Structure formats: structure tokens, C-alpha cells
Amino acid sequence: HFLGIGVSGGAEGALLGPSIMPGGNREGFELVKNILLAIAARNELNEICCNYIGDGGSGHFVKMVHNGIEYAEMQLIAEFYGHLRYDQQKNTEEIADIFEYWNRGEANSYLLGITIDILRYKDADGKPLIDKISGEAGNKGTGGWTTITACELNVPVPAMTEALFSRY
């Protein structure tokens with residue numbers, strides 16, 4: 001009854017419930033289904049963020065692709081930030097205001113929301129903390145695995161791939 005379960009939510013998920021992506025043996029899932037549903041997050045419509053994905057490692061596969069999509073979204077946010085900050089000469093508060101406006105519409109996302117919070121956060125000296133954060137990001141492998149798998153399946157994922165390369 002082995003299950004491979006992708007889990008997403010970070011620190012907030014640990015406190016409020018994660019998104020849970022179980023894959024593997026269906027009978028095994030049915031044995032623990034009530035536990036997983038009870039601890040899973042709920043979305044704005046109060047829907048449970050857990051559903052059986054499929055056989056084998058499908059739960060981990062979905063989580064891997066989820067991470068690849070996050071890479072692309074983070075890269076996009078970073079590129080917009082760079083353009084607004086350095087090309088348009090906007091300060092962090094102005095950029096946070098722009099991102100907040102975007103976050104009210106179809107571009108709404110968790111990552112954009114936390115970016116707004118980071119842009120508005122001031123260090124003890126009153127200066128934007130973002131100016132003291134290294135412009136580097138590592139990776140744990142999921143972006144690379146997603147890109148490799150996409151290539152093997154002949155699926156173009158240029159935004160994910162470029163985001164991965166930017167991390168290098």
C-alpha cells in the first residue's frame with residue numbers, strides 16, 4: 001500500500017494545512033483518505049485541497065510540475081521587479097503598490113502576495129530589507145526534473161526552463 005504524496009504549503013501549510021497530492025496504491029489511499037482530507041488546506045470556496053492523483057509516483061510528479069510552475073512565476077515576478085526598479089526607477093513601495101493592484105485581479109497569487117509583503121518590509125534601520133537580500137536562488141532539483149521530463153515528452157516549457165537557468 002505504498003503511497004508517494006506530494007505536499008505543498010511551506011510554513012503556512014504546516015500551520016493551516018497543506019495541499020496534499022497523494023499517488024500510488026489506490027487501496028492504500030482509501031485506508032488513509034480521511035486523515036489526509038482532515039489535515040489538508042481548504043481553498044476560498046472551502047474545497048479540500050487533497051485528491052487522489054493516480055498510480056505510482058503520480059503524486060510526486062504533480063508536485064514536481066507544481067514546483068516548476070512556481071520557478072517560472074518567481075522568475076516573472078523578479079523580472080518585473082527588475083524592470084520597474086532599475087529601468088523605470090521606481091522605489092520598493094511604488095513597486096509593491098503596482099504588484100498589489102495586479103494581485104487584486106486575475107494575476108492574484110500567493111507568490112505575488114508574499115512579494116508585496118517583502119517589498120514593504122523595512123529593516124531595523126528603516127531601509128527596505130529587499131536591498132539587503134542576495135539576488136541568488138538555489139534549487140532542489142524539481143525545476144530541472146520538470147524541464148528534463150518536458151523535453152522527454154516533447155512538451156515546450158520555455159518559462160520554466162529559463163527560470164531554472166536563471167537560478168544557475
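Here are three short exercises on the structure above, each with a worked solution.

The structure is a predicted model, in which local features need pLDDT of at least 70, side-chain atom pairs count only at pLDDT 80 or more, and totals for chains, interfaces and linings use all residues. Residues are numbered from 1 along each chain as its sequence is written, and side-chain values use heavy atoms, leaving out hydrogens and water.

**Exercise 1. Describe the order of elements in the protein chain.**

Solution. Start with the count: there are 7 helices and 2 strands. Helices (H or I, at least four residues) and strands (E, at least two) are DSSP runs, numbered from the N terminus. Now read along the chain from the N terminus: the order is β-α-β-α-α-α-α-α-α. To finish, the C-alpha atoms fill a box of roughly 55 × 35 × 30 Å, taken along the principal axes.

**Exercise 2. Find out whether Thr-142 is buried or exposed, and what is in contact with Thr-142.**

Solution. First, locate the residue: Thr-142 belongs to helix α6, which spans residues 142-152. Next, look at its relative accessible area, which is 15%, so Thr-142 is buried. Buried means under 20%, exposed means over 50%, and partly exposed lies in between (1.4 Å probe, protein chains only). For comparison, try Ile-53, in the loop between α2 (26-39) and α3 (58-87): its relative accessible area is 35%, so Ile-53 is partly exposed.

Then list the partners of Thr-142. Leaving aside neighbours within four places in sequence, Thr-142 is in contact (heavy atoms within 4.5 Å) with Met-64, Asn-67 and Tyr-71. With Asn-67 there is also a polar contact between the two side chains, at 3.2 Å. A polar contact is a pair of N or O atoms within 3.5 Å; within protein, one must be able to donate a hydrogen and the other to accept it, and residues adjacent in sequence count only if both atoms are side-chain atoms.

**Exercise 3. Work out which elements give two or more residues to the largest nonpolar core.**

Solution. A nonpolar core is a set of buried Ala, Val, Leu, Ile, Met, Phe, Trp, Tyr and Cys residues joined through side-chain atoms within 4.5 Å. The largest one has 10 residues, including Ile-77, Phe-99 and Leu-119. The elements giving two or more residues are α3, α4 (92-103) and α5 (110-120), and α5 supplies the largest share, 4 residues. Finally, zoom in on Leu-119: beyond four places in sequence, its contacts include Tyr-81, Ile-95 and Phe-99.
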